[in-house]
Amino acid sequence: MKWQGRRQSTNVEDRRGTKLSGTAIGGGLGGGALVIIIILVLVLKFCSGGDLPQIPNSTNPTTESTYQATEEEEELAQFVSVVFAETEDVWTELFAKEGMEYIYPGLVLYTGYVESACGTASSATGPFYCPGDQKVYIDLSFYEELQKDFGAPGDFAMAYVIAHEVGHHIQTILGIMDDVTAIQSRVSETEANEYSVRLELQADYFAGVWAHYINRMNLLEQGDIEEALNAASAVGDDRIQKQSQGYVVPDSFTHGTSEQRQRWFYKGFESGTIEDGDTFNTDDL
Ligand SMILES: [Zn+2]
């Protein structure tokens, strides 16, 4: 994708290198040391009249990270931020066409573990969207995982993953997510899983819709769509299934087969409309 020099999203929260409460100081040094540190900080603060430089507080993580990323990772962070900005622009326009206002989601970059309104997640979960705080969470190491573990290399494979998660945001602000969650709570597990598959395939469809407009803007490069299709296939069904505790929409649930995921992505890519993506009322899932 031609992304260099394009606008980066201002809705990116960089939490890389941030330690979680309890795991940081408590876990690393032990409770006793924690108490000593707190007393020491308080005493020093008292003596210096409160002008001490802020010691990073694990319960109140700052977004100013001292995290040292490699040059490669920094470029990836910029790429992801541009992709996110492009989803903002495309969806703002599509929503405007329908007379609606697009509410921007957030994007949280993290390393290792992260706290979300959907609970604590680790990078083993894979990228996910949390409807509770309307944020997409991603550990950038997933890019390497895509290449090595899923055999889905290429920048547009990563772009597809982001666009898919944004697809869940679209579902959330359109009310689809709530409707489906309500239905899922009163049907059998098998039926609930089927609804999950329909949700996932629709998110793939929305990712395709986004790619449709990226293509229109001449931002696609040779092989980009193949990269996305390959990634859609690679993350088919249980490929990302690891841990999923506490999520309203677990991305580790069944996602549909590789064939289905490719087909719905491509359908969105060809159509470019919201309407054609009704995966809930179709005999041809
Ligand atoms: Zn998903």
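**Notebook: helix pair and sheet**

I started with helix α8 (residues 224-234) and helix α9 (residues 258-271), whose axes lie 7 Å apart and make an angle of about 145°. I noted the crossing of α8 past α9 as right-handed. This is a predicted model, and I read the entries below as such.

I then looked up which residues make the contact. From α8 I listed Ile225, Ala228, Leu229, Asn230, Ala232 and Ser233, and from α9 the residues they meet, Ser258, Arg261, Gln262, Phe265, Tyr266 and Phe269. I sorted the residues of this contact into seven nonpolar, four polar and one charged.

Next I took the chain as a whole. I found nine helices and six strands in its secondary structure. The chain has 285 residues, and 45% of them count as buried. I put its accessible surface at about 14,000 Å², with 50% belonging to carbon and sulfur atoms. Among contacts with a separation of 6 or more, I found that 75% come from residues 24 or more positions apart.

I moved on to the sheet. I recorded an open sheet of four strands in the order β1-β2-β6-β5, with mixed pairing. Which strands stand at its edges? They are β1 and β5 (128-130); each has a single partner strand, so one side of each has no neighbour in the sheet. I noted an average twist of 25° from one strand to the next. I also looked at helix α5 (residues 155-173), which packs on the sheet and touches β5 and β6. The direction of α5 makes about 20° with that of β5.

I followed strand β2 through its pairings. With strand β1 (residues 12-15), β2 pairs in the parallel sense over four bridges. In this pairing I found Arg15 opposite Tyr110 of β2. Strand β6 (residues 135-138) also runs parallel to β2, and four bridges join the two. I marked two positions in β6 that face residues of β2: Val136 stands opposite Leu107, and Ile138 stands opposite Leu109.

Last, I checked the cover on β2. How many of the five residues of β2 (residues 106-110) are buried? I counted five of five, and I entered the strand as mostly covered. I then split β2 by face. Gly106, Val108 and Tyr110 lie on one side, Leu107 and Leu109 lie on the other, and all are buried. I therefore entered both faces of β2 as covered, taking buried to mean under 20% relative accessible area.

Terms used. Residues are numbered from 1 along each chain as its sequence is written. This is a predicted model: local features need pLDDT of at least 70, side-chain atom pairs count only at pLDDT 80 or more; totals for chains, interfaces and linings use all residues. Side-chain values use heavy atoms; hydrogens and water are left out. Buried means under 20% relative accessible area, exposed over 50%, partly exposed in between (1.4 Å probe, protein chains only). Two strands pair if DSSP finds at least two bridges between them. Axes are lines fitted to C-alpha atoms, for helices over the stretch in contact, and angles run from 0 to 180 degrees between N-to-C directions. A crossing is left-handed if the near helix is turned anticlockwise from the far one by less than a right angle, and right-handed if clockwise. Contact means heavy atoms within 4.5 Å. Ala, Val, Leu, Ile, Met, Phe, Trp, Tyr, Cys and Pro count as nonpolar, Asp, Glu, Lys and Arg as charged, and the others, Gly among them, as polar. Accessible areas come from the Shrake-Rupley method with a 1.4 Å probe; for residues, only the protein chains shown count as cover.
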